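Student: I'm new to this structure and a bit lost. Please pick one part, take a close look at it with me, and then follow it to its surroundings.

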Amino acid sequence: MDTYQIERKRMVEQQIARKGVHDERVLAAMMSVPRHLFLPVEARDYAYVDSPVQIGSGQTISQPYVVGLMTELLDVRDEHHVLDVGTGSGYQAALLGELAAEVHSIERHAELAESARERLTRLGYENVYVHVGDGTQGYPPHAPYDRIIVAAAAPSVPDPLLHQLAEDGRLVIPVGKRFSQLLEVWDRTGDDFHKSTSIPVVFVPLIGQEGWEG
Ligand code: SAH
């Protein structure tokens with residue numbers, strides 16, 4: 001194992017599994033995606049520490065435990081089509097690429113989207129597609145989605161995301177105030193939507209038509 005693999009194993013065992021993420025598929029995906037390659041070169045030493053890290057354009061890659069928890073809550077299966085809102089570095093999209101059939105990831109900053117797209121291509125993620133746009137509107141061309149995950153905080157759950165869920169679809173999204181939110185899990189059964197809440201979190205704002213003003 002190289003140094004990064006050793007650090008990654010430690011991250012998975014000591015931060016993620018120890019704090020309660022037990023889904024074997026999620027842990028295996030987090031063991032295989034080289035998180036350090038999703039960070040700017042000068043930040044790579046922080047890739048496996050238990051905190052968010054700056055990735056440029058004023059954005060952050062989320063704390064590994066929160067990524068693990070959200071991915072576990074999403075309950076992704078092999079055959080799923082997934083929408084990832086807020087591509088950022090592309091790390092979450094890569095994890096989803098390991099777990100799902102097809103992933104569409106949407107980012108409002110064109111330059112972040114471009115570098116994430118290049119990185120994902122270089123790393124061989126052929127089932128992950130990066131788009132530029134306002135993810136509060138979802139991404140209609142490939143809807144419906146079995147799973148939708150949002151990595152930025154919304155003032156309330158955007159309707160277009162609920163409506164782009166497939167039958168039996170699930171959405172995981174941080175919702176609340178600008179600097180404190182709760183993770184919400186929305187399940188669709190036919191035309192019924194059921195919400196449950198998980199832990200308190202702090203995410204950068206989801207900026208767009210159904211989000212915060214930029
Ligand atoms: N999932 C990312 C972390 C994302 S940080 C990763 O693994 O690295 C949140 C991202 O959401 C930021 O890149 C921000 O630019 C983006 N974002 C904010 N509002 C958005 C919107 N309306 N549509 C798409 N992306 C948005």
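**A loop residue and where it leads**

Tutor: Let's start with Ser 57, which counts as partly exposed at 34% relative accessibility. Keep in mind that we're looking at a predicted model. Ser 57 sits in the loop between β1 (53-56) and β2. Its backbone is worth a look: phi is positive, about 50 degrees, even though Ser 57 is not a glycine. For background, most residues other than glycine have a negative phi, and most peptide bonds are trans.

Now go to β2 (59-61), on one side of that loop. This strand gives three residues to the shell around the ligand, the largest share. β2 has company, though: α4 (91-99) and β4 (102-107) each supply at least two shell residues as well. Altogether 25 residues surround the ligand, and the closest are Ser 89, Glu 107, Asp 134, Gly 135 and Ile 207.

Zoom in on the polar atoms here. The side chain of Ser 89 has an N or O atom 2.6 Å from an oxygen of the ligand. Glu 107 also has a side-chain N or O atom 2.6 Å from a ligand oxygen. Arg 108 joins in through its backbone, where an N or O atom lies 3.2 Å from a ligand nitrogen. On its own the ligand has 580 Å² of accessible area, and the protein covers 99% of that. The space it takes up is the largest pocket.

Back to the backbone, since Ser 57 isn't alone in its positive phi. Asp 75 has one too, of about 55 degrees, and is likewise not a glycine. You'll find Asp 75 in the loop between α3 (64-74) and β3 (81-85). With a relative accessible area of 29%, Asp 75 is partly exposed. For a backbone oddity of another kind, try the loop between β5 (128-132) and β6 (145-150), where Pro 144 is found. The peptide bond from Ala 143 to Pro 144 is cis, with omega near 0 degrees.

Asp 75 also takes us to the charged side chains, as it is linked with Arg 77 and Arg 147 in a network of salt bridges. Side chains of opposite charge can pair when their charged atoms come close. Searching the whole structure turns up nine salt bridges.

One of them joins Arg 117 and Glu 114, with the closest N and O atoms 2.7 Å apart. Both lie in helix α5 (residues 110-122), and because they are three residues apart, about one helical turn separates them. Arg 117 is partly exposed at 30%, and Glu 114 is partly exposed at 35%.

Others reach between strands. Arg 170 pairs with Asp 187, the closest N and O atoms being 2.8 Å apart. Arg 170 is in strand β7 (residues 165-176) and Asp 187 in strand β8 (residues 181-189), so this bridge ties together parts 17 residues apart in sequence. Arg 170 counts as partly exposed, at 21%.

Strand β8 comes up again with Glu 184, whose side chain meets that of Lys 195 in a salt bridge (3.6 Å, N to O). Lys 195 is in strand β9 (residues 192-201), and the two residues are 11 apart, so their pairing links distant parts of the chain. Its two ends sit differently: Lys 195 is partly exposed at 40%, whereas Glu 184 is buried at 8%.

Note on methods: Residues are numbered from 1 along each chain as its sequence is written. This is a predicted model: local features need pLDDT of at least 70, side-chain atom pairs count only at pLDDT 80 or more; totals for chains, interfaces and linings use all residues. Side-chain values use heavy atoms; hydrogens and water are left out. A salt bridge is a side-chain nitrogen of Lys or Arg within 4 Å of a carboxyl oxygen of Asp or Glu. Helices (H or I, at least four residues) and strands (E, at least two) are DSSP runs, numbered from the N terminus. Buried means under 20% relative accessible area, exposed over 50%, partly exposed in between (1.4 Å probe, protein chains only). A residue is near a molecule or strand if one of its heavy atoms lies within 4 Å of it. A polar contact is a pair of N or O atoms within 3.5 Å; within protein, one must be able to donate a hydrogen and the other to accept it, and residues adjacent in sequence count only if both atoms are side-chain atoms. Accessible areas come from the Shrake-Rupley method with a 1.4 Å probe; for residues, only the protein chains shown count as cover. On a 1 Å grid over the protein atoms alone, a cavity is a set of points where a 1.4 Å probe fits but cannot get out, and a pocket is an open set with protein on both sides within 12 Å along at least five of seven lines; lining residues have an atom within 4 Å of a point. A molecule sits in a cavity or pocket if more than half of its atoms lie within 2 Å of its grid points.
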